[in-house]
Amino acid sequence: MQIHALDKAQLITDIQLGGNLNHAVYQGRRSDFALMLALLSGDATETTPLNPPYPEKITEAQLRKAFDLPEPTRLIAEDRDYELCESQADAFQKAGLASAKLNDCVSPSALHFPAIGTHNLGEDVYHNLSGHQRRQLDSENGKTAALDPVNLYNQLVTAKRFNEMHVKA
């Protein structure tokens with residue numbers, strides 16, 4: 001009977017011993033220290049928590065709802081941002097800077113307004129292009145050059161011949 005009682009009374013973690021384990025070390029009581037270590041369970045599944053202490057994943061939407069945060073500011077402008085900026089400019093013209101700031105706080109607009117119709121080039125680069133180059137970009141309409149190895153080879157040979165003729169002349 002006593003053997004079964006000792007098995008069931010086995011300690012799982014050192015936390016159950018409180019400060020007794022530390023006191024045994026500091027006071028040099030080796031026999032008490034050895035006894036307490038022997039009473040601790042050697043089974044790793046008993047000492048390892050099987051349930052995670054924290055929830056699996058908290059999404060950004062759940063955190064925003066918990067802390068009552070607004071939606072994040074958009075980085076790149078959409079169509080509605082141009083209308084918002086128009087209303088902010090109108091508020092500034094009619095009622096001043098305080099009204100424009102209030103309008104921006106109530107309905108914030110995007111942080112970046114990329115240029116429209118510049119074929120993914122910067123505005124300064126696009127405006128430095130000649131009219132011919134701009135028409136060429138418009139005519140391509142986002143098409144990429146189809147690479148045909150046979151025609152490419154012929155074009156390279158022809159270009160090389162023309163270059164040889166002009167260099168010798």
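With which residue does Asp90 form a salt bridge? The partner is Lys94, and the closest N and O atoms of the pair are 3.3 Å apart. The structure in which this pair is found is a predicted model, and the paragraphs below lead through it from helix α6 outwards.

Both Asp90 and Lys94 belong to helix α6, where four residues, or about one turn of the helix, separate them. The two partners fall into separate classes of accessibility. Asp90 is partly exposed because its relative accessibility is 38%, whereas Lys94, at 68%, counts as exposed.

The salt bridge of Asp90 and Lys94 belongs to a wider set, for a search of the whole structure finds five salt bridges. Among them is the one in which the side chains of Arg74 and Asp81 meet, with a distance of 2.3 Å from N to O. Is Asp81 buried or exposed? Its relative accessible area is 0%, so Asp81 is buried. A cut-off makes the reasoning plain: a residue is called buried when its relative accessible area is under 20%.

A further salt bridge joins the side chains of Glu78 and Arg80, here at 3.3 Å from N to O. Glu78 has a relative accessibility of 38% and therefore counts as partly exposed. Arg80 is likewise partly exposed, with a value of 44%.

Helix α6 also holds Gln88. This residue has a relative accessibility of 12% and so counts as buried. Which residues does Gln88 touch, not counting those up to four places away in sequence? They are Ala100, Asn103, Asp104, Ser107 and Ser109.

Attention may now pass to the loop that comes before this helix. Leu69 is placed between α5, which covers residues 60-66, and α6, which covers residues 79-95. With a relative accessible area of 47%, Leu69 is partly exposed. Leu69 also takes part in a nonpolar patch on the surface, together with Ile58, Leu63 and Phe67. The accessible area of these four residues together is about 410 Å². Why can Leu69 be counted in such a patch? A patch is made of residues with over 30% relative accessible area and no salt bridge, and the 47% of Leu69 therefore meets the requirement on area.

The cysteines offer another point of interest. A disulfide is a covalent bond between the sulfur atoms of two cysteines. How many disulfides does a search of the whole structure find? The search finds zero. Cys85 counts as partly exposed because its relative accessibility is 26%, while Cys105, at 63%, counts as exposed.

The final stop is the loop between α7, residues 97-106, and α8, residues 123-128, where His119 lies. Asn120 has its place in the loop between α7 and α8 as well. Most residues other than glycine have a negative phi. His119, although not a glycine, has a positive phi of about 55 degrees. Asn120, also not a glycine, has a positive phi of about 60 degrees. As for accessibility, His119 counts as partly exposed because its value is 31%. Asn120 has a relative accessible area of 84% and is therefore exposed.

Key
Residues numbered from 1 in each chain as written. Predicted model: local features only at pLDDT ≥ 70, side-chain atom pairs only at ≥ 80, totals over all residues. Heavy atoms only, no water. Patch = residues over 30% accessible without salt bridge, like charges linked within 9 Å, V, L, I, M, F, W, Y side chains within 5 Å. Areas by Shrake-Rupley, 256 points an atom, 1.4 Å probe, with all protein chains shown as cover. Helix = DSSP H or I, 4+ residues; strand = E, 2+ residues; numbered from the N terminus. Buried < 20%, exposed > 50% of the residue type's maximum accessible area, 1.4 Å probe, protein only. Disulfide = S-S within 2.5 Å. Contact = heavy atoms within 4.5 Å.
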